[in-house]
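Me: Please take a close look at the open and closed spaces in this model. Where are they, and what surrounds them? Keep it brisk, as I am in my first year.

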Amino acid sequence: MIPSILPTYSRAPLTFVSGDGSWLTEADGRRFLDLGAGIAVNALGHAHPALVAALTTQAQALWHVSNLYNIPAQQKLADALVEHTFADTVFFTNSGTEACELAVKMARKYWYDKGRPDRTGIITFTGSFHGRSAAGIAAAGSEKMTKGFGPLLPGFTHLDFGDHEALQAAMGDHVAAVLVEPVQGEGGIRPLPDACLKGLRDLCDTHGILMILDEVQCGMGRTGKLFAHEWAGISPDIMMVAKGIGGGFPLGAVLATEEAASGMTAGTHGSTYGGNPLACAVGAAVMEIVADDAFLAEVNRKAGLLRQKLEGLVDAHPDIFEGLRGSGLMLGLRCKVTNADVVKAGYGAGVLTVPAADNVIRLLPPLNISDADIAEAVLRLEAAAVAVKEADA
Ligand code: PLP
């Protein structure tokens, strides 16, 4: 008999009942260090007092009004995003995949309004992940994501990550946009080198193609800059954001330049819940903390500390780990054993990590994780590695 919850997830046998900072408490009382943070969602950990206050204050005043009316919290968050990024304008969604839908619509509408309705192509990259909606799965293109769900949204060309020649050849004046994650998350923490991102920006400029960045996982301070593309000194035309921006409350956004957004006039897009008062009150509180230079400097310092300790872990367990990669607090340990076994051993050791493609385990801790918790996390990962080794012996 089918379970009452549609069985699309394979869940670990863990039930968390409360959270505090970087820690989660299981129903049986065990405490876990959370290096997954809801897959890069709980950017400020669990139950951050400023976010709890923002949510409860808004909840006592007003939960929901339609986008038929002004929403002050939405305005405040949009102003903050515009102030701190390349963007001139923002549309709020509830998730990353909805942001993908709009990013694709926006790029196509841009060219339609320029008198080029034929210019609909979107170039994407293998190993990418952009969500589970029609545009999201068509953009990723992998068999795992698309099999059985055809006919797929047309117009997507998938290139191998890092294949510069194929990229050059694919650029042309039928292309509306290139869509890329500066650091692939689900794909196994694969950063696009800064030089490649710069080169891609140049190619887009040469061909007049819009650049869409998916910073759903790597954005909002995760790599030590507010947005990952800042490391390369470039800016996109359109950017998808979600996950960390809501700190755990469902919220996403599409940020764009005035030019790229020029086709999106009244009535061309909308959302019942996107930009609702509760989500935006929390999002504004997250932005106030994360967009601060001193906070981002701390993210970089902590990332250095974690990276150093993890390199020690890799050196100490060369039969379990192959290497460390990533950027800031978005790190991946490539495993020599099956990554799921390491994640599972982590449950036994009281530390949560997230599997990714390419046999990687992802470490995406809260951005405000303490130094002591970093040290404890690595001790627990060490215990997990020893447990995997003992199970194999
Ligand atoms: N884009 C990236 C890079 C993601 O990592 C994800 C989610 O993991 C998405 C898009 C989709 O976001 P959501 O699950 O909120 O729809």
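**The cavity and its surroundings**

Reply: The lining of the largest cavity sorts into 6 nonpolar, 3 polar and 2 charged residues. (Nonpolar means Ala, Val, Leu, Ile, Met, Phe, Trp, Tyr, Cys and Pro; charged means Asp, Glu, Lys and Arg; polar means the others, Gly among them.) The model is predicted, with pLDDT of at least 70 needed for local features and 80 or more for side-chain atom pairs, while totals for chains, interfaces and linings use all residues. Numbering starts at 1 along each chain, and side-chain values use heavy atoms, without hydrogens or water.

How many cavities of 30 Å³ or more does the structure hold? There is 1. (On a 1 Å grid over the protein atoms alone, a 1.4 Å probe fits in a cavity but cannot get out; a pocket is open, with protein on both sides within 12 Å along at least five of seven lines; lining residues have an atom within 4 Å of a point.) The largest cavity contains about 40 Å³ of space. (Volume is the space filled by probe spheres on grid points joined across faces, edges and corners.) Its lining is made by A40, A43, V216, Q217, G219, M220, R222, A242, K243, G244 and L367.

Now follow V216, Q217 and K243. They line the largest cavity, and they also belong to the shell around the ligand. The other members of that shell are S95, G96, T97, F129, H130, G131, E181, E186 and D214. (A shell residue has a heavy atom within 4 Å of the ligand.) By class, the shell holds 2 nonpolar, 6 polar and 4 charged residues.

Some of these residues make polar contacts with the ligand (N or O pairs within 3.5 Å). Take D214. One of its polar side-chain atoms sits 2.6 Å from a ligand nitrogen. T97 uses its backbone instead: an N or O atom there is 2.8 Å from an oxygen of the ligand. K243 comes back here too. An N or O atom in the K243 side chain lies 3.2 Å from a ligand oxygen.

Next, the second largest pocket. It encloses about 690 Å³ of space. Its lining has 27 residues, and those closest to the centre are Q74, T89, V90, F91 and F92. Three elements each give two or more residues to this lining: α3 (72–84), β4 (89–93) and α4 (96–113). (Helices are DSSP runs of H or I with at least four residues; strands are runs of E with at least two; both are numbered from the N terminus.) Which element gives the most? The answer is β4, with 4 residues. The lining of the second largest pocket splits into 12 nonpolar, 14 polar and 1 charged.

Look next at a sheet. It is open, has 4 strands in the order β1-β2-β3-β15, and its pairing is mixed. (Paired strands share at least two DSSP bridges.) Its edges are β1 and β15 (351–352), each of which pairs on one side only. Begin at β1 (residues 16–20). This strand runs antiparallel to β2 (residues 23–26), with 4 bridges. F16 has E26 of β2 as its bridge partner. The two strands make a hairpin with 2 residues between them, and G21 in the turn has a positive phi of about 60°. At the other edge, β3 (residues 31–34) and β15 are parallel and joined by 2 bridges. There, D34 is bridged to L352 of β15.

Finally, two loops. G150 and P151 are joined by a cis peptide bond, with omega about -5°. P151 sits in the loop between α6 (143–146) and β6 (156–159). I189 is a residue other than glycine with a positive phi, near 50°. Its loop runs between β8 (183–184) and β9 (190–191).

Terms used: A polar contact is a pair of N or O atoms within 3.5 Å; within protein, one must be able to donate a hydrogen and the other to accept it, and residues adjacent in sequence count only if both atoms are side-chain atoms.
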